[in-house]
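Hi everyone, thanks for making time for this. I'd like to walk you through two parts of one structure, so let's put it on the screen.

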Amino acid sequence: NGRPAVAYGYVPFGTTNRLVRYAVRNPDGTTWTIEDAAEPGAAAEIGGELVGLGFGFVGGIPHIVYLGGPPANANILYPNDLVLSTRNGGVWSEQSDPLVAESGEAVASCPGLQNLCNTGVVVGTHAALAVSSDGNGYMVAYQDLHNGFGTDSFAKSDVEVFGSGVAPAASVVDITRGGGEFLGIALTDDDRPVVAYNIISVEDEAGVWAAVWRDAAEGWVLSKLSDDQTSARTSVAAASDGTLYVAFFDTGLQKLVLATSTDDGDSWSTEQVETSGSVGLHPSLVVDDQDRPVIAYTYCGRFSADGCPGNLGNDSEVRLARRIAGEWEISLVDDGVGRGFVGLFNSLAIAPDGTIYVAFQDARENDLIVAEAQP
């Protein structure tokens with residue numbers, strides 16, 4: 001209904017519990033209602049980190065996906081399933097059955113690896129969610145680590161999707177190449193998924209990749225967008241004319257890069273959106289009502305600072321870039337009242353009336369901030 005809502009991680013003061021919270025701004029336009037939505041891995045003997053968080057309204061109901069679920073066995077004591085929580089009648093509840101609990105639920109072929117791609121129980125890291133065009137279905141992209149969080153698992157991880165009300169219902173996007181970090185997902189106007197992700201471990205394949213689903217016969221079309229990796233989220237958007245966009249922070253360039261495809265993912269071009277200093281951390285990308293790309297992101301400083309992206313500094317700012325008449329218009333969202341330390345986990349949304357909202361963390365105070373601007 002046009003009011004901003006945010007899903008985010010929360011650690012209560014004096015504890016090590018990891019909670020998922022939901023906040024929605026009230027109709028008065030100033031106050032917020034805040035609710036505990038889930039405690040990932042509440043049944044585990046050790047707490048679960050929040051490794052990715054997908055959020056959207058499906059059929060008017062808020063849906064949050066994350067890594068959760070009970071321990072798989074005596075050797076895996078931590079959360080290891082792709083789990084969904086929803087809010088109905090004012091109450092949040094974690095669905096009794098995980099969306100995905102085992103690697104084999106998205107069947108693939110990897111005979112050279114002793115069928116590893118269909119083996120294991122650690123699924124659901126870096127979850128990202130996109131809602132269908134009619135608002136009643138959704139698609140989740142996630143990483144399948146198979147057997148644990150060790151180096152070998154990361155080197156052979158899969159990128160996978162789970163669909164509800166949209167196709168494919170379960171599919172392996174990229175098999176055993178170390179992919180799945182920093183996932184982003186969007187659905188085209190005809191509800192085909194476009195996924196972006198990092199590959200970290202396979203020689204000659206490491207970098208940022210995009211995958212576009214064509215149909216059941218053709219499957220996924222994979223494209224490498226950059227030889228450099230990213231160290232923060234990728235963000236994906238699909239315009240109504242079919243143009244596809246992926247925004248990411250290029251760790252080699254230390255710049256914000258936008259990749260564009262006008263031929264349904266057959267080919268991609270890339271450009272640096274902003275070139276000043278170390279810039280582009282945690283990008284969040286949408287298209288506005290004129291199909292123009294709009295990106296919220298973090299400027300770290302004048303130089304390629306060692307602290308970006310590991311630690312923000314006094315110079316960090318949240319910025320917004322919008323392409324207007326072929327040129328990028330850059331504006332300041334927040335500079336931490338001149339003290340920096342802002343810009344972790346940026347999330348951008350544009351309301352139906354054109355109001356722009358950017359949510360992000362103030363790392364100095366560990367606060368969740370929402371900035372607002374009129375169109």
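Before the names start flying: a strand here is a DSSP run of E with at least two residues, and strands are numbered from the N terminus. Please also keep in mind that this is a predicted model.

Let's begin with the second largest pocket. Which strands each supply at least two residues of its lining? They are β22 (317-324), β23 (327-334), β25 (356-362) and β26 (367-373). Among these, β23 gives the most to the lining, with 4 residues. The pocket holds about 190 Å³ of space, and 14 residues line it. If you want to find its centre on the screen, look for L320, S331, V333, I356 and A373, which lie nearest to it. And what is the lining like in character? It divides into 9 nonpolar, 2 polar and 3 charged residues.

Now over to a sheet. This one is open, has 4 strands in the order β16-β17-β18-β19, and its pairing is antiparallel. At the edges sit β16 (235-238) and β19 (269-274), each of which pairs on one side only. On average, neighbouring strands of this sheet are turned by 25° against each other, direction ignored.

As a quick reminder, strands of a sheet pair through backbone hydrogen bonds, either parallel or antiparallel.

Let's zoom in on one pair here. Strand β18, residues 255-261, is joined to β19 by 5 bridges, and the two run antiparallel. Which residue of β19 does L258 stand opposite? That would be E271.

That's my tour, and thanks for listening!

Conventions: Residues are numbered from 1 along each chain as its sequence is written. This is a predicted model: local features need pLDDT of at least 70, side-chain atom pairs count only at pLDDT 80 or more; totals for chains, interfaces and linings use all residues. Side-chain values use heavy atoms; hydrogens and water are left out. Two strands pair if DSSP finds at least two bridges between them. Axes are lines fitted to C-alpha atoms, for helices over the stretch in contact, and angles run from 0 to 180 degrees between N-to-C directions. On a 1 Å grid over the protein atoms alone, a cavity is a set of points where a 1.4 Å probe fits but cannot get out, and a pocket is an open set with protein on both sides within 12 Å along at least five of seven lines; lining residues have an atom within 4 Å of a point. Grid points are joined across faces, edges and corners, and a volume is the space filled by probe spheres set on the points. Ala, Val, Leu, Ile, Met, Phe, Trp, Tyr, Cys and Pro count as nonpolar, Asp, Glu, Lys and Arg as charged, and the others, Gly among them, as polar.
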